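User: I would like to learn how to read a multi-chain model feature by feature, starting from a single residue and working outwards. Could you take me through this one?

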Amino acid sequence: MSFRKRGEIVSGPSARSLPISGPGIPRGLPGRAPVVGAGRVPSPLTATRKTPENPLKNHPGVRPSILNSQPCISVGSSDIDGIIGHQGLPIGSFLLIEETGTTDFASTISKLFMAQGIVQNRLNQSQQNTHEILIGLDQQWAKTLPGVYKGSKEKKKERVQQNESKVSVSNLVDQKNDLKIAWRYGLNQKKTETEDSSVDQYPNYSNQFDITSVMTVAPGPNELTCIPIDDLNRALKRIEETVMRNPSKVIRMCVPLFLNPMIYQNGLSAPEILKFVHGLKQILKKYPDQLALLMTINLDLYPRSNALVTYIEQISDAVLELRPFNPKLHELMERVYKSQPAKIKHGHLNIHSLPVLAESGLMCVQEMEYSFKNGRKRFEVEKWSIPVEDEEEKEEKLDF
Amino acid sequence: MNSQNSATVLLNRVISLKESSPLILVLDTVLQTGSYLQKELLHKAKSQNIHTVYLSFETLNRPEVDEFIQCSELSVEQISKGIKHGPKTLIIIDSINYVPINQLNSLLRSLISPTTVVCADYHTSVPAEKPAGYQNMASALQTLMFMATTIFELRPLSTLSDEELEVASHRLEFPVGVANRPKFEARMVYRRKSGRSLEHVFEIDTLTHEYTVKQESTEQPNEEELLENLTTFNLTTTHKQKLEREKVDLPFLEAQESLGAVGGAIVYEFEKDDDYDEDDPYEDPF
Amino acid sequence: MSSSSDLQQQDLVVFEDHSIVPRSSSEYHYLTLILFNSATRPTWLVTALVENSLFGTCYLNKSPISRRSSTPVVLASLNTAESTYRKQLARLKGDLAEFKYVDLLSNYSNWFEMLSAQIDQLAKKGKPNVFLENPEFLLFLSDTKVDTLLLQLQKLNAKCNLFLISSNDESLLEYSEIPDDLATIHTSFLTKLVHRSNLLMSLRPLKTGRAVDVTGELTICRGLIDSPQKVAEKEYLYLVNKEGTVKLFYR
């Protein structure tokens with residue numbers, strides 16, 4: 001006889017990035033050295049990446065994986081970056097995000113993924129470092145990318161700077177509340193920054209976005225190429241041409257809403273679809289130091305029990321599934337967390353495979369262990385815990 | 001005992017090709033291959049100097065036969081022309097699955113003759129596809145079973161239930177130490193010319209060449225009968241009582257449904273070693 | 001409950017004579033099928049088999065294998081990038097002169113000719129062991145039919161010992177009567193291969209779910225065709241950890 005606790009806590013990469021002690025060195029936890037390859041000795045591949053003409057060198061949006069030092073980019077949500085295990089998506093990887101139901105949380109992630117690249121690209125106007133490829137959708141969609149969250153670091157920094165310039169008696173006399181708070185924030189900010197050297201070391205790695213806002217200057221064709229999918233073979237060719245036109249840049253490729261009937265024509269055969277997905281992987285692995293791919297697909301139309309989806313999952317390097325709660329559970333959460341609305345989650349996040357780890361043979365499947373919440377300023381992922389009803393309510397129920 | 005004796009004698013005669021049975025159909029699965037039975041037939045044929053022909057659609061390494069023909073790229077005419085016949089010939093087809101359904105008839109008709117025995121192996125685990133235009137026609141398996149004069153249905157010798165074996169073969173999970181052993185179970189249907197068909201279940205050991213009739217496990221006596229005259233108490237249940245009992249919802253199972261749905265809950269999982277009586281509402285695994 | 005921590009680490013043994021890959025013989029051509037589940041990928045096992053073919057050693061095993069063998073190896077995959085296997089092989093100490101990688105991920109149009117040519121070239125040094133991962137991808141990437149692909153694989157097998165690595169996820173085995181259903185094609189291909197195999201190895205996750213100290217189970221079963229070298233049927237539990245070390249335990 002056996003009992004198993006669903007949602008058992010399993011030791012592994014923590015959902016959140018922990019503050020890193022000791023600046024300068026990319027975190028190589030003991031026992032978390034390179035997964036594959038020659039132990040802790042950098043493999044020849046990583047060595048070649050450090051050659052001067054490498055696009056990843058000094059790229060503000062690239063940091064080494066905490067698992068195997070492979071260069072990674074942020075997906076757009078630091079929590080998902082953590083879930084992936086590497087603290088980001090290793091460049092050269094193919095991340096598939098699946099979603100059940102008629103919600104569209106996956107598109108939020110797509111937009112965060114793309115917005116992240118655009119913001120990083122604009123850090124230095126004289127030298128573009130990132131290009132983006134949007135497959136199946138047009139510039140119209142790109143216009144809806146979210147803007148950077150102003151209440152976060154940037155705003156704080158601004159305020160800190162303001163404050164610092166104002167360090168004077170007048171500053172102390174100033175009765176304005178928000179400035180006082182800002183001053184306090186500023187102090188805190190300094191403190192946390194020394195603790196959290198990862199933010200310090202890679203300040204522009206993962207920007208925070210406000211999904212209710214829109215990027216003030218929409219991405220132009222020089223930073224984002226839209227590729228129509230009326231002919232999948234031609235699309236593959238155009239993708240590769242775009243990649244070749246943008247050497248020494250990090251390229252974020254995104255295929256939102258894959259096979260969604262509103263975008264993809266009917267009458268595509270399964271082999272045609274798989275040839276396309278395999279073709280994407282071919283391009284990805286041909287330029288492994290430059291490209292990363294995010295694809296989202298809805299499981300209501302294409303369930304995981306469909307062989308087509310299984311093949312797509314096999315071709316991809318990482319698979320995450322968003323499974324929004326059913327209304328009943330959502331109601332329960334609303335009731336239980338009446339006073340703490342921040343605790344209300346939107347659904348489960350299931351892991352089916354993770355980049356590099358799954359490929360080298362680790363079993364990465366974790367179902368019903370994490371939950372997600374699509375907040376205004378961040379896409380949160382947390383360990384899932386069952387909502388417990390209040391004692392009072394329970395007693396009431398038992399009272400008969 | 002006598003009927004058992006005659007059954008093994010019949011099996012022996014069929015396998016030694018002494019009984020008239022021009023088309024032997026072997027139905028095997030991924031869990032019990034027909035290759036050992038083929039070997040057994042070849043072994044018997046060899047001792048009688050019967051000419052042996054092996055039509056290979058999937059076999060790469062040549063078995064010990066007089067003639068070995070790679071048929072994958074040959075047409076039916078080429079195959080039947082290529083065979084040299086002896087005074088008595090055994091033709092083994094390693095897998096008839098590869099013969100398209102519209103050529104099945106012509107191939108078998110061209111091979112079968114009074115002096116030949118055709119032994120065709122059909123893999124039942126391989127999906128039977130129906131090409132367009134054949135939706136209303138008999139399937140290959142139906143055709144073969146209709147034409148065959150002897151049918152062997154193979155199954156591994158094991159304590160696993162039919163259902164467990166079915167699941168294992170469907171998922172391609174091979175139970176270690178059970179699947180594809182040289183000793184296996186074979187259900188034989190032999191059709192006499194009179195139209196009467198005989199059915200026996202054997203255990204065939206191809207290493208020792210021994211065949212035994214499988215002892216059908218004697219049927220479990222009915223629970224009712226067992227309890228009937230055991231004591232002076234009334235231990236039996238009436239039909240009505242049984243129905244009522246089935247209606248009782250087992251509390252813990254109910255609880256699992258809603259608890260299990262949200263995750264994080266401790267759920268009971270049934271394992272095959274658990275001594276758990278579904279009919280006993282008082283037994284709670286917690 | 002199965003826990004590996006209190007179990008003793010075991011060596012990988014496949015055949016009754018304690019060898020791991022079939023002994024090279026000019027008369028008999030082995031077909032090995034390695035089945036895996038998407039959650040338990042076989043890269044580590046393939047690496048071990050490649051190593052054993054090339055050098056006679058096996059990184060999974062503590063006891064050194066006395067039989068020094070050097071069988072040339074061709075490795076090809078339609079899904080895994082070459083760099084993945086190169087990284088895995090980098091930890092093997094030895095000369096990779098008799099190892100050829102054929103990158104079918106980036107180019108599969110002439111897969112048969114490319115593999116054939118590599119096999120012929122290596123054949124001068126001995127009959128090679130050829131590993132081909134996800135051959136079923138060819139069924140939808142090129143317009144190859146199941147029986148045609150099987151025939152091509154058999155033609156390759158006639159020159160080498162062939163190891164085919166393919167997935168047996170449940171969703172791929174839910175076949176129907178419809179001939180162009182992906183699951184029907186996959187099941188048909190796989191079951192027909194099973195019926196040709198001499199050795200079956202499968203990797204799958206634990207039925208009880210995720211465990212910290214066990215990655216999955218490895219079963220070694222005789223194939224459906226009896227071969228001269230006898231298979232030692234066995235069930236292992238295995239653990240792959242993040243550093244890439246792998247341990248085997250008896251079940």
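**Reading a predicted complex**

Analyst: This is a predicted model, and a single residue is a convenient place to begin: A:Ser69 counts as buried because it has 21 C-beta neighbours inside 10 Å, where 20 or more are required.

User: Where does A:Ser69 lie in chain A, and what is its phi?

Analyst: Most residues other than glycine have a negative phi. A:Ser69 has a positive phi, near 60°, although it is a residue other than glycine, and its place is in the loop between β2 and β3 of chain A. A second case can be read in the same manner, since A:Val356, also a residue other than glycine, has a positive phi near 65°. A:Val356 lies in the loop between β13 (347-353) and β14 (366-374) of chain A, and with 25 C-beta neighbours inside 10 Å it counts as buried.

User: Which sheet do β2 and β3 of chain A belong to, and in what order do its strands run?

Analyst: To read a sheet, one goes from strand to partner strand and notes the sense of each pairing. Here the order is β2-β3-β4 of chain A, an open sheet of three strands with antiparallel pairing. Because β2 (62-64) and β4 (89-90) of chain A each have a single partner strand, they stand at the edges, and one side of each is left without a neighbour in the sheet. Between β2(A) and strand β3 (residues 71-73) of chain A there are three bridges, and A:Val62 is found opposite A:Ile73 in β3(A).

User: How many residues separate the strands of the hairpins in chain B, and which turn residues have a positive phi?

Analyst: For a hairpin, it helps to take the pairing before the turn. Strand β7 (residues 183-191) and strand β8 (residues 197-205) of chain B pair in the antiparallel sense over nine bridges, with B:Arg191 having B:Ser197 as its bridge partner in β8(B). Five residues lie between β7(B) and β8(B) in this hairpin, and in its turn B:Gly195 has a positive phi of about 100°.
β8(B) also pairs with strand β9 (residues 210-213) of chain B, in the antiparallel sense and over four bridges, and there B:Asp205 has B:Glu210 in β9(B) as its bridge partner. The hairpin of β8(B) and β9(B) has four residues between the strands, and B:His209 in the turn has a positive phi of about 60°.

User: What can be said about the fold of chain C as a whole, and how confident is the predictor in it?

Analyst: Confidence is best read before geometry. The mean pLDDT of chain C is 92, with 96% of its residues at 70 or more; among its elements, strand β2 (residues 31-36) of chain C has the highest mean, 98, and strand β1 (residues 9-10) of chain C the lowest, 90. Chain C has six helices and ten strands, and its radius of gyration of 18 Å is close to the 18 Å that the globule rule gives for 251 residues, so chain C is as compact as a globular protein of that length. Buried residues account for 57% of the 251 residues in chain C, and of the contacts in chain C between residues at least 6 apart in sequence, 69% join residues at least 24 apart.

User: Which residues touch the most other members of the largest nonpolar core?

Analyst: A core is read through its best-connected members. In the largest nonpolar core, which has 174 residues, these are A:Leu134, A:Leu293, C:Val130 and C:Phe131, while helix α3 (residues 105-121) of chain A contributes the largest share, nine residues. A second, separate core has 50 residues, among them B:Phe57, B:Leu90, B:Phe152 and B:Ile204.
Leaving aside neighbours within four places in sequence, the residues in contact with C:Phe131 include C:Val46, C:Val73, C:Phe163 and C:Ile165.

User: How many residues of chain A are in contact with chain C, and which element of chain A gives the most?

Analyst: An interface is read by its two sides, then by elements and residue classes. In this model 43 residues of chain A are in contact with 41 residues of chain C; on the side of chain A, α10(A) gives the most, with eight residues, and the classes are 20 nonpolar, 15 polar and eight charged residues. The contact between chains B and C takes 24 residues from chain B and 34 from chain C, and the chain B side divides into ten nonpolar, ten polar and four charged residues. For the complex, the predictor gives an ipTM of 0.94 and a pTM of 0.82.

Terms used: Residues are numbered from 1 along each chain as its sequence is written. Chains are lettered from A and ligands numbered from 1 in the order in which they are written. This is a predicted model: local features need pLDDT of at least 70, side-chain atom pairs count only at pLDDT 80 or more; totals for chains, interfaces and linings use all residues. pLDDT is the predictor's confidence in each residue, from 0 to 100. Helices (H or I, at least four residues) and strands (E, at least two) are DSSP runs, numbered from the N terminus. Two residues are in contact if their C-beta atoms, placed from the backbone, lie within 7 Å. Ala, Val, Leu, Ile, Met, Phe, Trp, Tyr, Cys and Pro count as nonpolar, Asp, Glu, Lys and Arg as charged, and the others, Gly among them, as polar. A nonpolar core is a set of buried Ala, Val, Leu, Ile, Met, Phe, Trp, Tyr and Cys residues joined through C-beta atoms within 7 Å. A residue is buried if 20 or more other C-beta atoms lie within 10 Å of its own, exposed if 12 or fewer, and partly exposed in between; C-beta atoms are placed from the backbone. The radius of gyration is taken over C-alpha atoms; the globule rule is 2.2 Å times the number of residues to the power 0.38. Two strands pair if DSSP finds at least two bridges between them.
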